[in-house]
Amino acid sequence: MMLKPEQVKEKFGPMFSQRFLTMVDASKGVAEIIETCAVRGTIEWDAVNRCRAGGLIEWCEVEGTTMIMRVRLGESPIRFGPTDVEYGGQGLEAVKVEGDKVRTRWAGCGGAGLGVAACLTQAPGVLHAVYPTEEDLKVGGARANRVELLTPLYEKVTFGIDDTDNKEGGATWVLALKASKAAASIEGVQSLNLRLIQLFPKSPHKTTNCVSSAITFAVRPGSVERLIDSVVSTVKAETRSKKTGIAIYKGIGIPPALNGLGWEIKKRLVSLEAVEEAARGTGVEFVDLFENREGRIGALAAIALSEERTDAAALYNDCALPLIKK
């Protein structure tokens, strides 16, 4: 049986999922699934149980009430089934690309079965849910449930931005956030995050704090060029510097070589020539607004460290200290 989210809501009553988003990088055979719930506790429980079930999941993390899952494309058995109702559980069994859409297959036992069959199916971002049998529409108690979700396919695009201010005014993170907000108004674009990246603080070229910014988007394939044009236009219109750098990376997961280069830029002074040489073959594209290309260094580091959470914001030596619970 196929139901739209509003039909699921009519059948089971309103539930608590607030967003469901699937991004795909076909060249790497991976996807990233973002799911937001009304409260953090349910997301934490889902994250633990999905990872325990195994299957296609490579890793997942929780940020507030949002879970981010990195998964492989394909099908894989999970480590529980109807016989495991005693323990409960929840897992992802399949991720398949169908044109410009993504089909994911979920299984759950007990309360987790209700979660996938009655709650996740209502999330904004779901086009419709497919229930394999009538039994899967009976939720709660000691039952097991399975459901397939069809969602729009998004790609992941990350921008690194640096050198947009001067001694008289401006701040790169403010300009980056303006660019992110402006681009989010484009149809087919969702703004995901802004991250501040602390670079080598003794750089003689810095304004004050030596911090670049990364902004990340989920974007429908047909809107990628409009997204790039929007971000570049905003930065060009508002930068105060003549050495502004913009770097663009399309894909899921930061290549290890690129990530390592980011840590080197955080740790010490790295030349522009060394950065440009090391960046070759990583998939990063640069946009130069002016003849001076110095801003490429921090822009590249922003992309390289865009998934490092609090370590991105920390000084290199801070990362070894137990200052912040991660």
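**Group meeting talk: cores, helix packing and two unusual phi values**

Arg309 is partly exposed, with a relative accessible area of 31%. I'm starting there, everyone, and I'll say right away that this is a predicted model. Where does Arg309 lie? You'll find Arg309 in the loop that links H8 to helix H9, residues 310-313. What caught my eye is the backbone: Arg309 is not a glycine, yet its phi is positive, about 50°. As a reminder, most residues other than glycine have a negative phi.

There is a second residue of this kind to show you. Asp163, also not a glycine, has a positive phi of about 60°. Asp163 sits in the loop between S10 and helix H4, which covers 172-183. So is Asp163 buried or exposed? Its relative accessibility is 11%, and because buried means under 20%, Asp163 counts as buried.

Now let's go to the helices, beginning with H8, residues 296-304. Helix H7, residues 272-279, packs against H8 at an angle of about 40°, and the two axes are 9 Å apart. Angles from 35 to 65 degrees fall outside the parallel and perpendicular classes, so H7 is oblique to H8. The crossing of H7 past H8 is left-handed. Which residues meet there? From H7 we have Leu272, Val275, Glu276 and Ala279, and from H8 they meet Arg296, Ile297 and Leu300. Sorted by class, that contact of H7 with H8 holds five nonpolar residues, two charged and no polar ones.

H8 has another partner, helix H6, residues 256-267. The axes of H6 and H8 come within 8 Å and cross at roughly 125°. That angle makes H6 oblique to H8, and H6 passes H8 in a left-handed crossing. On the H6 side, the contact is made by Leu258, Asn259, Leu261, Gly262 and Ile265. On the H8 side, it is Ile297, Leu300, Ala301, Ile303 and Ala304. By class, the contact of H6 with H8 has eight nonpolar residues, two polar and no charged. If you have the viewer open, look at Ile297 and Leu300 of H8: they appear in the contact with H7 and in the contact with H6.

Next, the nonpolar cores. The largest one has 32 residues. Which of them touch the most other members? They are Phe20, Met69, Val71, Trp106, Tyr131 and Leu149. Let me zoom in on Val71. Leaving out residues up to four places away in sequence, Val71 touches Gly29, Val30, Ala31, Ile33, Leu56, Ile57, Glu58, Leu92 and Val95. Apart from that core lies another, of 25 residues, with Ala247, Ile254, Ala299 and Ile303 among them.

My last stop is helix H3, residues 111-119. Its buried residues are Ala112, Gly113, Val116, Ala117, Ala118 and Cys119. What do they pack against? The helices here are H1 (5-12) and H2 (40-53). The strands are S2 (17-25), S7 (89-98), S8 (101-109) and S10 (144-162).

One pair ties H3 back to H1. Lys11 is found in helix H1 and is partly exposed, with a relative accessible area of 48%. In sequence, Lys11 and Ala118 are 107 residues apart, while C-alpha to C-alpha they are 8.6 Å apart in space. Thanks for listening, and I'm happy to go back to any of these on the screen.

Methods:
Residues are numbered from 1 along each chain as its sequence is written. This is a predicted model: local features need pLDDT of at least 70, side-chain atom pairs count only at pLDDT 80 or more; totals for chains, interfaces and linings use all residues. Side-chain values use heavy atoms; hydrogens and water are left out. A nonpolar core is a set of buried Ala, Val, Leu, Ile, Met, Phe, Trp, Tyr and Cys residues joined through side-chain atoms within 4.5 Å. Buried means under 20% relative accessible area, exposed over 50%, partly exposed in between (1.4 Å probe, protein chains only). Contact means heavy atoms within 4.5 Å. Axes are lines fitted to C-alpha atoms, for helices over the stretch in contact, and angles run from 0 to 180 degrees between N-to-C directions. Helices (H or I, at least four residues) and strands (E, at least two) are DSSP runs, numbered from the N terminus. Angles under 35 degrees count as roughly parallel, over 145 as roughly antiparallel, 65 to 115 as roughly perpendicular and the rest as oblique. A crossing is left-handed if the near helix is turned anticlockwise from the far one by less than a right angle, and right-handed if clockwise. Ala, Val, Leu, Ile, Met, Phe, Trp, Tyr, Cys and Pro count as nonpolar, Asp, Glu, Lys and Arg as charged, and the others, Gly among them, as polar.
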